[in-house]
Amino acid sequence: MKVNKILLALFVSTITPFAYADGDLSRANVQTVVMEMGSKDGRMYFKPNQLNFKTGQAFKIVLKNVDKIKHEIEANEFVDKVFTRKVEMKDKNGDLIAEIKGAIREIEVGPMKEVEWYVVPIQPGKNITMVCAIPGHKEAGMHGLITIE
C-alpha cells in the first residue's frame with residue numbers, strides 16, 4: 001500500500017507541471033491585426049481579405065471602418081474556433097465606451113469607428129469564410145478567408 005502511494009505521488013508530480021499553464025495565456029504577447037472595412041469605386045472590401053492566426057496565440061483584431069456607412073464582420077466558423085476574451089470600444093480620447101464579453105457571432109462597426117476584438121484561436125481551420133452580412137455588401141466584394149494553424 002505504501003509503495004502504491006509513493007508511485008501515485010511520483011506520477012502526479014510528473015504530470016502536474018504539464019496540466020497547468022503559467023499566467024493568463026489570453027493576455028500574454030498579444031499580436032495586433034488591423035482589418036480595414038470600407039468601399040472604393042463602387043466596390044466594398046475587407047483589407048486584408050485573408051487573415052492568418054495561430055492556435056494558442058493571443059490576438060487583438062482591430063476592426064477599422066474607414067467608410068461613411070456601417071459595416072460588419074460575420075464569421076461563424078471562426079467564432080466557434082476561438083476563445084473571445086472581450087470586444088472593446090473606446091472614444092476618440094481612448095476612454096472606454098464599452099467592453100463586451102461572452103459569445104460573439106458578428107460585430108457591426110459604425111461609420112468611421114473602430115472596435116478591438118481580443119481572441120485566442122483554440123482550433124485549427126482553413127478557408128473559413130468571413131463576410132459583411134449587411135444586404136448587398138458581400139455581393140459588392142466584402143468577403144474573405146481566415147486560416148487558423
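## The nonpolar core

The largest nonpolar core has 30 residues, and the members that touch the most others in it are F53, L63, I73, F78, I107, W117 and I146. This description, like everything that follows, rests on a predicted model. One of those residues, I146, can be followed outward through its contacts: apart from its neighbours within four places in sequence, I146 is in contact with L51, F53, A75 and F78, and also with G125, K126, N127, I128 and M130. F53 and F78, which are among these partners, are themselves listed with I146 among the core residues touching the most other members.

The residue that follows, T147, lies in strand β11, which spans residues 143-148. T147 has a relative accessible area of 18% and is therefore counted as buried, since the limit for that class is under 20%. When residues up to four places away in sequence are set aside, T147 touches L51, N52 and F53 on the one hand and G125, K126 and N127 on the other.

## Overall architecture

The protein chain contains 2 helices and 11 strands, and from the N terminus on these elements follow the order α-β-β-β-β-β-α-β-β-β-β-β-β. Of the 149 residues in the protein chain, 37% are buried. The accessible surface of the protein chain is about 9500 Å², and carbon and sulfur atoms account for 54% of that area.

The contacts of the protein chain can also be described by separation in sequence: taking the contacts between residues at least 6 apart, 76% join residues that are at least 24 apart. Examples of pairs with their separations in sequence and in space are given for K70 and K68 below.

## The loop between β4 and β5

K70 is placed in the loop between β4 (59-65) and β5 (71-74), and K68 is found in that loop as well. The two residues fall into separate accessibility classes, because K70, at 40% relative accessibility, counts as partly exposed, whereas K68, at 74%, counts as exposed.

K70 and G110 are 40 residues apart in sequence, while their C-alpha atoms are 4.5 Å apart in space. G110 is also one of the residues that K70 touches, the others being N65, E108, V109, P111, I134 and H137, with residues up to four places away in sequence not counted. For K68 and M112, the separation is 44 residues in sequence and 6.2 Å from C-alpha to C-alpha. K68 is in contact with M112 and with P111, leaving aside its neighbours within four places in sequence, and P111 is likewise among the residues touched by K70.

## P48 and its cis peptide bond

A cis peptide bond, with omega of about 0 degrees, joins K47 and P48. P48 lies in the loop between β2 (43-47) and β3 (50-53), and its relative accessibility of 36% is why P48 counts as partly exposed.

Not counting residues up to four places away in sequence, P48 touches V34, M35 and M130. The last of these, M130, is also among the residues in contact with I146. P48 and V33 are 15 residues apart in sequence, with a distance of 9.6 Å between their C-alpha atoms.

## Residues with positive phi

Two residues that are not glycines have positive phi values: D41, at about 50 degrees, and N127, at about 55 degrees. Their settings can be described in turn. D41 is located in the loop between β1 (31-40) and β2, where its relative accessibility of 73% makes it count as exposed. N127 is found in strand β10, residues 125-131, and N127 is also exposed, because its relative accessible area is 55% and the exposed class begins over 50%. This exposed residue is nevertheless among the contacts of T147, and N127 is likewise in contact with I146.

## The largest pocket

The largest pocket has a volume of about 280 Å³. Its lining consists of 13 residues, and those nearest the centre of the pocket are K90, D91, I97, K113 and E114. Three strands, β6 (82-90), β8 (106-109) and β9 (114-121), each contribute at least two residues to this lining. Classed by residue type, the lining of the largest pocket comprises 8 charged, 4 nonpolar and 1 polar residues.

Key: Residues numbered from 1 in each chain as written. Predicted model: local features only at pLDDT ≥ 70, side-chain atom pairs only at ≥ 80, totals over all residues. Heavy atoms only, no water. Helix = DSSP H or I, 4+ residues; strand = E, 2+ residues; numbered from the N terminus. Buried < 20%, exposed > 50% of the residue type's maximum accessible area, 1.4 Å probe, protein only. Contact = heavy atoms within 4.5 Å. Areas by Shrake-Rupley, 256 points an atom, 1.4 Å probe, with all protein chains shown as cover. 1 Å grid on protein atoms, 1.4 Å probe; cavity = no way out; pocket = protein on both sides within 12 Å on 5 of 7 lines; lining within 4 Å. Points joined across faces, edges and corners; volume = space filled by probe spheres on them. Nonpolar A, V, L, I, M, F, W, Y, C, P; charged D, E, K, R; others polar. Core = buried A, V, L, I, M, F, W, Y, C linked by side-chain atoms within 4.5 Å.
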